[in-house]
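Let's walk through this one together, following a few charged side chains and seeing what they link. Keep the structure open as you read.

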Amino acid sequence: WAVNPQHAVSAGIGIYRQSQPLLLYFGAPGNEDLDFTQSVHYVAGYTFAPSQDIRFKVEAYYKQLSHAPVERDSGTSFSFLNTGADFGSVGNGLALTSAGKGRTYGAELSLFKHFTDGYYITATASLVRQEYTGSDGVWHFGAFDNQYIANFLAGYEWKLSSGFSIEFSGKYTVAGGAPYTPVDLDKSRQYKSTYYDRDRPFSMRNPAYSRLDGRIDFRKNFQSWSFIAFVSVENILDRKNIQERFYNVQRDSIREVYQLGMFPIGGLKVEF
């Protein structure tokens, strides 16, 4: 509802159903009967546009999930709602049933300054909580329960002539530490492999995540095509963000694996 050109309010409800990945259906006998996972979304928002190129927006939301795959033959904390947080495979070979539940809720604040006067800015801040139940019927905080996430993206175009320009851009991200399930050291030692303490799902948190990226684009525009050369550096500060933990048999200790450190990239593009 556009109250006037500067103020608007919104509300919405959506029902979404999604099939499971194919690997899950063939992971164990009986998995072919898995239902679609359902998510019901509720959202309300307010938008303030003080000018044509600037917009503030705040939204609150609640997602109610059901029919999520959980273990069929035993009461555990496993739920497919947490799969993907570690960038691993979706196939796990477990016998599953569509009895899991979940909920995600939070609020988002956004600022958009569209590209005018040679620059643009996008800033977002999110408060988020994620909970789920496995076949144990107990509510747990899940793998995506980062609590907060903030992003700041900006760019400036420096025009040196009518056909040549240089663009400077950067992005900074900070987020609450991702939850993780601790390694069961005694069991890992016994079986010489990594086993996690499934009685304490996502009970620990990594340190806060942060990453700064920067990029410079050199653009030359011709009559019907453009030539762009760019240099980009990801994770400029070489932040050691933890990706996962595993049991190292040779050292008999829990080792940490880090995400990508500082990573320079360069390239050329032609646009028609």
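R189 is a partly exposed residue, with a relative accessible area of 34%. Keep in mind that you're looking at a predicted model. So who does R189 talk to? Its partner is D252, and the two form a salt bridge whose closest N and O atoms sit 2.9 Å apart. This pair links distant parts of the chain: R189 belongs to helix α2 (residues 185–191), while D252 is in the loop between β13 and β14, 63 residues apart. D252 is also partly exposed, at a relative accessible area of 35%.

Now stay with D252 and look at the loop around it. Strands β13 and β14 form a hairpin with four residues between them. D252 is in that turn, and its phi is positive, at about 50 degrees. On either side of the turn, β13 covers residues 242–248 and β14 covers residues 253–258. The two strands pair in the antiparallel sense, over six bridges.

Next, pick out one cross-strand pair in this hairpin. Which residue of β14 does R245 stand opposite? That's E256. Their side chains meet too, in a salt bridge with an N to O distance of 3.5 Å. Since E256 lies in strand β14 and R245 in strand β13, the pair ties together parts that are 11 residues apart in sequence.

Are the two partners buried or exposed? Here they part ways: R245 is buried, with a relative accessible area of 13%, because the cut-off for buried is under 20%. E256, on the other hand, has 37% relative accessibility and counts as partly exposed, because that class runs between the buried limit and the 50% above which a residue is exposed.

Further along the chain, there's another charged pair to find. The side chains of K269 and E271 meet in a salt bridge, 3.9 Å from N to O, which makes the cut because the limit is within 4 Å. K269 is partly exposed, with a relative accessible area of 35%. E271 counts as partly exposed as well, at 32% relative accessibility. Elsewhere, salt bridges that share partners join R129, D145 and R205 into one network.

How many salt bridges does the structure hold? The count is 16, and among them are the D252 link to R189 and the E256 link to R245. If you want one spot to revisit, try the hairpin of β13 and β14: R245 and E256 meet across its strands, and D252 in its loop reaches R189 in helix α2.

How values were computed:
Residues numbered from 1 in each chain as written. Predicted model: local features only at pLDDT ≥ 70, side-chain atom pairs only at ≥ 80, totals over all residues. Heavy atoms only, no water. Pairing = 2+ DSSP bridges. Buried < 20%, exposed > 50% of the residue type's maximum accessible area, 1.4 Å probe, protein only.
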